[in-house]
Amino acid sequence: MIPPPSAPPPALHLRGITKRFPGVVANDRVDLSVGRGEVLALLGENGAGKSTLISILYGLYQPDEGTVELAGRPVRIGSPAQARTLGIGLVPQHPLLVSRHTVAENLALGFGSGLFPARGVTARIRELSQQYGLEVDASARVSDLSPGEKQRVEIIRALLGGAQVLILDEPTSVLTPQEAGSLFRVMRDLRADGRSLIFISHKLDEVLAVADRVTVLRRGKVVGEVPTLGATRESLAELMVGRSVDFTRKRGAPGTGDVLLQVHGLQASGSRGLPALRGVSFELGRGEVLGVAGIAGNGQSELVEVLAGLHGATGEVTLDGRPLSGGAQERFRAGVAHIPEDRIHSGTVPSMTVAENVALRGYDRPPLARGLSRDLKRTDELARREVEAYAVSTPGIHTPSRLLSGGNIQKLILARELAGEPKLILAVHPTYGLDIGATDQVHRVLLERTTAGAGVLLVSEDLDELLSLSDRIGVMVGGSLLGPFPVGEVTRESLGLLMGGAHPHSLPGADQGVVAGGLA
Ligand SMILES: Nc1ncnc2c1ncn2[C@@H]1O[C@H](COP(=O)(O)OP(=O)(O)OP(=O)(O)O)[C@@H](O)[C@H]1O
């Protein structure tokens with residue numbers, strides 16, 4: 001008798017993967033599979049165990065239990081190099097490229113000598129870039145590339161290494177909507193070519209647009225596996241957080257119209273001595289959220305750092321009619337809160353505990369200190385309160401903050417910075433990497449503060465976030481601020497085009513004042 005044809009094994013199959021860290025089971029008997037020519041989205045709240053699983057798959061961690069099979073064959077992935085040899089590629093959230101080298105040099109570097117001489121690499125880059133519509137110039141210097149271009153280089157690097165299974169870790173977080181659209185086209189082409197993709201994102205619309213199937217993790221366990229066909233944002237959100245989530249627009253009450261912050265003619269140089277701010281002027285009202293859009297590297301970081309007292313500049317800044325000057329602590333006492341971009345390095349001290357990090361701003365003053373001694377009981381009480389209020393997932397308040405997941409570190413910083421009654425909140429990507437439950441909560445906290453009269457300068461690469469929270473939105477391009485435009489006069493598309501360097505008057509609708517309201 002002829003045996004019935006059996007289905008081929010999945011390209012990748014994880015069986016019963018368990019990984020424990022002190023006090024937490026990061027992955028708890030996880031089963032997951034990805035077929036050939038399939039895009040699987042991995043969803044989960046902050047701390048659900050996504051990064052741990054990816055680290056196991058890419059050979060950075062060894063599982064305590066369980067097996068990994070590639071095309072039906074059990075494999076041991078001892079290191080990233082071994083993962084690549086086995087055909088597993090990772091497109092990291094932050095590209096790992098050497099800025100002063102060209103694209104071709106960077107890609108040749110990864111393959112040691114002999115295997116890929118640089119001239120051969122250039123030809124292969126051209127082939128791959130044509131095959132998958134991955135536009136990159138092999139001779140361009142990496143320092144001149146946009147975040148989207150750097151990401152394409154990372155994808156090419158993985159493909160050059162022969163990746164059949166490709167992991168994309170929050171790949172759209174640094175992209176404009178137009179760039180995200182091209183990435184999705186590339187992903188579909190890779191799928192059509194029979195490759196298997198694992199896609200991590202907190203943005204449910206993207207997951208629905210590009211993935212075939214979704215695996216949802218909660219507290220280390222797989223809690224659901226659904227095809228995207230028939231799924232909705234609401235159904236996925238509910239699977240993720242275990243309750244229904246409200247997606248309605250959230251803009252707060254309009255501000256009072258009183259000017260809170262006045263910025264005039266700010267000029268500052270950037271890290272390489274080039275001008276980072278070229279005469280930036282704007283006003284921020286009490287109770288207003290002023291959104292700042294822009295592709296990374298156009299002066300947004302410097303603008304916030306100047307206002308936070310971390311970066312020198314010329315020009316005038318007044319808060320509540322008084323000149324704003326001095327260093328970061330002085331400005332914090334004047335009512336300036338800062339949620340920094342680089343939260344891991346500049347937002348927390350990784351070796352300090354959760355409680356110490358919560359108390360970082362006020363440890364030397366009452367109520368957290370009496371005279372020269374710290375009141376540890378009060379510090380712990382404060383930490384417990386904030387950990388609960390922000391649902392920070394941590395084994396305890398005395399755990400070093402470096403052991404928390406990225407999203408939970410972000411929550412910790414928010415708890416600390418928003419704890420006082422700040423007048424001005426400088427929020428840089430405040431929900432970057434946060435899951436939808438936490439994002440919702442951060443939005444509510446920010447809007448509550450505006451109702452209390454605070455002004456928020458919101459720098460974000462997430463245009464939906466800017467559009468749903470801001471009263472006005474400006475766009476940073478090459479160190480200048482375009483606008484700000486009232487939020488009703490811009491769209492995702494027009495902002496994306498302005499971010500990419502289009503002139504406001506050249507955009508569709510500009511003649512009716514739709515896009516360039518502030519400039520027309
Ligand atoms: N090296 C480590 N040591 C101790 N605990 C860790 C370590 N790495 C992760 N954890 C813990 O394991 C759990 C899962 O973390 P993981 O980073 O995998 O979550 P995640 O789903 O990627 O979260 P996020 O969306 O916030 O990045 C968390 O509770 C985290 O604190």
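**Figure 1. Arrangement of domain 1 and domain 2 in the predicted model**. The centres of domain 1 and domain 2, taken over C-alpha atoms, are separated by 29 Å. The domain assignment places domain 1 at residues 12–241 and domain 2 at residues 259–512 of the protein chain. Contact between them involves 19 residues of domain 1 and 23 residues of domain 2.

**Figure 2. The side of domain 1 that touches domain 2**. Helix 6 and helix 8 each contribute at least two residues to this side. Helix 8 accounts for the largest share, with three residues. Sorted by class, the side of domain 1 that touches domain 2 comprises eight nonpolar, nine polar and two charged residues.

**Figure 3. The open sheet of six strands**. The strands follow the order 6-7-8-3-9-10, and their pairing is mixed. Strand 6 (88–91) and strand 10 (221–227) each have a single partner strand and stand at the edges, so one side of each is left without a neighbour in the sheet. From one strand to the next, the twist averages 20°.

**Figure 4. Pairing of strand 3 with strand 9, and the helices packed on the sheet**. Strand 3 (residues 39–44) and strand 9 (residues 213–218) run parallel and are joined by five bridges. Opposite Leu43 stands Val216 of strand 9. Helix 6 (residues 177–192) packs on the sheet, where it touches strand 3, strand 7 (165–169) and strand 8 (196–200). The direction of helix 6 makes about 150° with that of strand 8. Helix 8 (residues 233–241) also packs on the sheet, touching strand 3, strand 9 and strand 10; the direction of helix 8 makes about 30° with that of strand 9.

**Figure 5. The shell of residues around the ligand**. There are 19 residues around the ligand, of which Phe21, Ala26, Asn46, Ser51 and Gly407 come nearest. Strand 2 (24–34), helix 1 (50–57) and helix 14 (406–417) each provide at least two residues of the shell. Domain 1 and domain 2 each supply at least three of the shell residues. By class, the shell consists of six nonpolar, twelve polar and one charged residue.

**Figure 6. Confidence of the prediction**. For the complex, the predictor gives an ipTM of 0.97 and a pTM of 0.73. The pLDDT of the protein chain averages 85, and 86% of the residues score at least 70. Confidence is highest in strand 4 (residues 65–70), at a mean of 97, and lowest in strand 17 (residues 369–370), at 62. Over residues 511–520 the pLDDT falls below 50; this stretch has 21 contacts in the model beyond near neighbours in sequence.

Definitions and conventions. Residues numbered from 1 in each chain as written. Predicted model: local features only at pLDDT ≥ 70, side-chain atom pairs only at ≥ 80, totals over all residues. Near = placed C-beta within 6 Å. Helix = DSSP H or I, 4+ residues; strand = E, 2+ residues; numbered from the N terminus. Nonpolar A, V, L, I, M, F, W, Y, C, P; charged D, E, K, R; others polar. Domains from an automatic or database assignment. pLDDT = per-residue confidence, 0-100. Contact = placed C-beta atoms within 7 Å. Pairing = 2+ DSSP bridges. Axes fitted to C-alpha atoms, helices over the stretch in contact; angles between N-to-C directions.
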